[in-house]
Amino acid sequence: MSKPRILLLDIETAPNTAYVWGLWDQNIAHDQLKETSYILCWSAKWLGEKRIMAADCKDRRNYTKMLRGLAALLDEADIVIHFYGSRFDIPVTNKELIKAGIPPPSPYKQVDLKIMVAKVFRFESNKLDHVCEQLGLGKKIKTEFELWIGCMNNDDNSWYEMVRYNRHDVVLLEKLYYRLLPWIGNHPNLSVYTGTLCCPKCGSTNIQKRGVQVAVLKTYTRFHCQKCGGWFRGNEAD
């Protein structure tokens, strides 16, 4: 057995365009839509590797090819890390895959850092930009809505900036993941993949016994990871 493939992922999407009667408190019916939202570009990287993979649909004729590339990465991944991706990136990707007739990738586990941040901490804002800034990890590249409009109008400079913005989000995502790792209580158990007693969060075997963890009816040996700082219990009751 070996370590799992962990993928960091972020997508950018075009807004829906619609015919509307006004600007305030509008109830837009589906037959008012001129064009539904679609994926402009995606960026991804394998955890711990330098290369950032990216693709865009500047040429809309390559849209299905772009989707197939994303589906292939998801198919290879054991775990996918994202920021609010369980509510946005993954459902949007699934929608585009089924519309394009692309079969679903093999099952993978997900770690949604936004949901984890909102559950464990009380930052003034749970947005990626704010959390990363508060933790000294950097900031998102500043953008305006015109950037999305520029891409939809096939402006070369807008596409360059959009891809740069998307790639940078993945860099921030990886930094945030490493910082949050020891706090993630429901992280997929890496020892299941490695077949060894290791930190279930980072996979390190540099662990120390630190007391016991009491369950309802049993006690378990408690361990502390010397690499990421996470806590976990053994699999067998004492």
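## A parallel strand pair

In this predicted model, strand β6 (residues 79-82) runs parallel to strand β7 (residues 109-112). The two strands pair over 4 bridges. Look at I81: its opposite number in β7 is V111.

How does the chain get from β6 to β7, and what is the hand of the crossover? The route passes through helix α2 (residues 89-99). The resulting β-α-β crossover is right-handed.

## A buried charge

Now find E12. It sits in strand β1, which covers residues 6-13. E12 is buried, yet it has no salt bridge. Why is there none with K140? K140 carries the nearest side chain of opposite charge, and it is 5.4 Å away. A salt bridge needs the side-chain nitrogen within 4 Å of the carboxyl oxygen, so a gap of 5.4 Å does not count.

What does E12 touch, leaving out residues up to four places away in sequence? Its contacts include Y38, I39, L40 and C41. W148, M162, Y165, N166 and D169 are also among them.

## Salt bridges

Side chains of opposite charge can pair when their charged atoms come close. The count for this model comes to 12 salt bridges. Three of them are described here, followed by a network.

R61 pairs with D59. Their closest N and O atoms are 3.0 Å apart. R61 is exposed, at 74% relative accessibility. D59 is partly exposed, with a relative accessible area of 28%.

K139 and D129 form another salt bridge, at 3.3 Å from N to O. K139 lies in the loop between α4 (128-134) and α5 (145-152), while D129 belongs to helix α4, so the pair ties together parts that are 10 residues apart in sequence. Both residues are partly exposed: the relative accessible area is 33% for K139 and 23% for D129.

## A bridge within one helix

Where do E161 and R164 lie? Both are in helix α6 (residues 156-180). They are 3 residues apart, about one turn of the helix. Their side chains meet in a salt bridge of 2.9 Å, N to O. E161 is partly exposed, with a relative accessible area of 24%. R164 is also partly exposed, at 38% relative accessibility.

Which residues are joined into one network by salt bridges that share partners? They are R5, E49 and E76.

Terms used
Residues numbered from 1 in each chain as written. Predicted model: local features only at pLDDT ≥ 70, side-chain atom pairs only at ≥ 80, totals over all residues. Heavy atoms only, no water. Buried < 20%, exposed > 50% of the residue type's maximum accessible area, 1.4 Å probe, protein only. Lys, Arg positive; Asp, Glu negative; His and termini not counted. Contact = heavy atoms within 4.5 Å. Pairing = 2+ DSSP bridges. Right-handed = clockwise from strand over helix to strand, strands pointing away.
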